[in-house]
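The exercises below concern the ligand site and selected residues of one protein model. Please work through each task before reading its solution.

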Amino acid sequence: AAMANNRTSVVSSASPESNGGMPTFALSPSSFFKIQKGDITKWFVNGETDAIVNAANEKMLGGGGVDGAIHRAAGPELVAACREVPEVRRGVRCPTGEARITLAFRLPVSHVIHTVGPIYASDPHPEASLRNAYRNSLRLARENNIQYIAFPAISCGVYGYPFKEASRIAILTIKEFAADFKEVHFVLFSDDTYNVWLEEANELL
Ligand code: AR6
C-alpha cells in the first residue's frame with residue numbers, strides 16, 4: 001500500500017484501473033516518476049526529447065543483459081557510434097560512474113545514454129559509483145534537452161548490486177533532478193526488481 005507523506009503524492013496506485021496500471025509519483029507539480037515492468041527497448045514518448053539509459057560496460061561496445069537487448073534493437077549503427085566515442089584510456093570509453101550519449105538509430109527514442117554502474121563485489125565504493133552513474137546520466141540528458149528518460153536497474157544484473165540498496169540510491173538520486181524532466185521512468189525487466197522499486201518508491205517518495 002502507498003504510504004505517501006505530504007511532500008510527494010502518489011498520483012495513482014498500482015491498481016490497473018488507474019493510469020494504465022502504472023504507478024506514478026509526482027516529484028514536483030510538473031515532473032513525474034513512473035515505474036513499469038517491461039522491455040526498455042520498446043519504451044519511447046515522442047522520439048525527439050526522449051532517451052533510454054543503457055547499463056553498459058567501460059568498453060561501451062555492447063554485451064549481455066539490457067546492453068545486448070539495446071544493441072540488438074538499435075541495429076549495428078549503435079556499436080559504430082559507440083566506437084566513435086574516444087577512449088579515455090586503452091579499452092575504456094566510459095569509466096565507471098560516468099555517462100556518454102549517442103543517437104538511438106532503430107530504437108523509437110531519440111538518444112541512448114550509456115552509463116557504467118559498479119561491479120558490486122569489486123568496486124571499492126559501490127554506492128558512490130552507482131549514484132554517479134545516475135547523476136551523470138541525468139546531467140547529460142539535461143544538457144541534451146531530454147525531457148523524458150527511462151532507466152533500467154543499473155548494476156542489478158551481472159554486476160550483482162543488491163536490489164533494495166540499488167533502488168534507494170536510484171530513487172533518491174533521481175529525486176534531486178526531478179524538476180529538470182517532465183517524466184523519469186524505470187522500466188524493470190524482472191518481477192523482483194519491479195516489486196522492490198515499487199516498495200521503495202512508496203516509502204521514499
Ligand atoms: N529492458 C529492461 N531491463 C532489462 C532488459 C530489458 N530489455 N534486459 C535485462 N534487463 P544487466 P548490469 C535488466 O546485467 O548489472 C552487460 O553485459 C536485468 O534484469 O543488463 O549493469 C554489460 O555489457 C537487470 O535487472 O546490467 C555490462 O558488461 C538490469 O537490466 C554488464 O552487463 C541490469 O542488468 C552490466 O551489468
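A pocket is defined on a 1 Å grid over the protein atoms alone, as an open set of points with protein on both sides within 12 Å along at least five of seven lines, where a 1.4 Å probe is used. A molecule sits in a pocket if more than half of its atoms lie within 2 Å of its grid points. The model is predicted: local features need pLDDT of at least 70 and side-chain atom pairs pLDDT 80 or more, whereas totals for chains, interfaces and linings use all residues. Residues are numbered from 1 along each chain as its sequence is written, and side-chain values use heavy atoms, without hydrogens and water.

**Exercise 1.** Describe the surroundings of the ligand.

*Solution.*
1. The ligand takes up the space of the largest pocket.
2. Its shell holds 22 residues, and the closest are Gly-64, Val-66, Asp-67, Ser-155 and Gly-157; a residue is near if one of its heavy atoms lies within 4 Å.
3. Eleven residues of the shell are nonpolar, nine polar and two charged; Ala, Val, Leu, Ile, Met, Phe, Trp, Tyr, Cys and Pro count as nonpolar, Asp, Glu, Lys and Arg as charged, and the others, Gly among them, as polar.
4. Helix H1 (residues 65-74) supplies the largest share of this shell, four residues; helices (H or I, at least four residues) and strands (E, at least two) are DSSP runs, numbered from the N terminus.

**Exercise 2.** Which backbone atom distances link Ser-155 and Gly-157 to the ligand?

*Solution.*
1. From an oxygen atom of the ligand, a backbone N or O atom of Ser-155 lies 2.8 Å away.
2. For Gly-157, the distance from a backbone N or O atom to a ligand oxygen atom is 2.8 Å.
3. The protein covers 89% of the 700 Å² of accessible area that the ligand has on its own, by the Shrake-Rupley method with a 1.4 Å probe.

**Exercise 3.** What is the sign of phi in Ser-155 and in Met-60, and where do these residues lie?

*Solution.*
1. Most residues other than glycine have a negative phi.
2. Ser-155, not a glycine, has a positive phi of about 70 degrees.
3. Ser-155 lies in the loop between S7 and helix H4 (163-177) and is buried at 5% relative accessibility; buried means under 20% relative accessible area.
4. Met-60 has a positive phi near 65 degrees.
5. The loop between strand S4 (50-55) and H1 contains Met-60, which is buried at 1% relative accessible area.

How values were computed. A polar contact is a pair of N or O atoms within 3.5 Å; within protein, one must be able to donate a hydrogen and the other to accept it, and residues adjacent in sequence count only if both atoms are side-chain atoms. On a 1 Å grid over the protein atoms alone, a cavity is a set of points where a 1.4 Å probe fits but cannot get out, and a pocket is an open set with protein on both sides within 12 Å along at least five of seven lines; lining residues have an atom within 4 Å of a point. Buried means under 20% relative accessible area, exposed over 50%, partly exposed in between (1.4 Å probe, protein chains only).
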